[in-house]
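Please look through the sequence and the model together, with attention to how side chains pack in the interior.

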Amino acid sequence: PLAAAKTAAAGIVKALRDTDRLTVVSFSGDVIVHANAVVADKRGKDRVSSAIGELHTRGMTNLGAGWSRGCECLARVMDLADGPDYLTRVFVLSDGYANQGMTEPAELGHHATELRQRGIFTSAVGIGDGYEPRQLQALAESGGGRLHDAADGKDLIEVVLGELGEIVNTAAEDTHLEICHPVGVPVQVMGTYASTVRDNGMRDIAVGAITSGASRQFVVQVHVPPAEVGARFPLWIKATW
């Protein structure tokens with residue numbers, strides 16, 4: 001699995017543009033930053049590729065700490081007063097079960113939501129069949145990204161580069177749909193989109209990023225109360241991004 005992750009990471013490095021920046025973080029019982037906001041020109045790519053090639057297996061799996069460190073590195077670049085307006089994404093590649101630090105999906109999802117609101121989005125890739133899908137799903141769904149499943153390095157490269165291509169062509173980031181409906185009417189979002197109930201009682205659907213020319217589908221189940229024929233039932237949807 002580590003070989004597959006390294007193959008995918010190397011493929012990402014090759015695909016980046018000269019104006020992109022890349023941070024590489026590995027995590028086990030400890031967390032190591034191997035490259036921090038390196039400009040992806042030829043010199044930077046050579047440096048990062050070399051660091052990736054030297055990665056090796058270590059102890060435990062502190063998924064939360066590794067992911068958090070990557071987000072911190074992104075946040076520092078975003079906070080630069082004269083920095084460019086980057087589209088940001090954290091990709092978490094994991095083949096295992098987080099057994100140190102933050103391990104509860106609810107806690108991981110809570111922090112991913114807070115970071116998403118700051119403009120830092122998270123996608124995750126589970127490698128093989130030994131990872132814990134609930135942990136990675138919490139990061140991806142609450143982080144406004146996607147959860148992918150990959151068996152080997154080739155699959156990893158395809159799914160990650162596919163999403164990177166979508167990011168470059170992003171038309172709307174952090175898209176939300178608010179379903180406005182009468183108070184007391186049960187509304188349920190079907191499928192995998194993360195949804196919450198806002199303070200005003202309305203249902204919010206986190207759709208995430210939408211690329212130019214793409215479409216998203218979602219299904220909502222509404223329990224309409226009995227009423228006279230011809231009675232009006234107000235229901236509308238507001239989109240924000």
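Contact here means heavy atoms within 4.5 Å, and helices (H or I, at least four residues) and strands (E, at least two) are DSSP runs, numbered from the N terminus. This is a predicted model, in which local features need pLDDT of at least 70, side-chain atom pairs count only at pLDDT 80 or more, and totals for chains, interfaces and linings use all residues. Residues are numbered from 1 along each chain as its sequence is written, and side-chain values use heavy atoms, with hydrogens and water left out.

A convenient place to begin is α2. Its 12 residues should span 16 Å at 1.5 Å a residue, and this agrees with its end C-alpha atoms, which are 16 Å apart; the expected span is 1.5 Å times one less than the number of residues. G44, K45, V48, A51 and I52 are the buried residues of α2, where buried means under 20% relative accessible area, exposed over 50%, and partly exposed in between (1.4 Å probe, protein chains only). Seen down the axis of α2, these buried residues fall within an arc of 130°, so they line one face of the helix; the arc is that of the directions from the helix axis to the C-beta atoms. Their cover includes α1, β1 and β2, whereas K42, R43 and R47 are exposed on the other side of α2.

The largest nonpolar core (buried Ala, Val, Leu, Ile, Met, Phe, Trp, Tyr and Cys residues joined through side-chain atoms within 4.5 Å) has 20 residues, and L22, V24, V48, I52 and L156 have the most contacts inside it. Two or more residues come from each of α1, β1, β2, α2, β4 and α6, with α1 giving the largest share, 6 residues.
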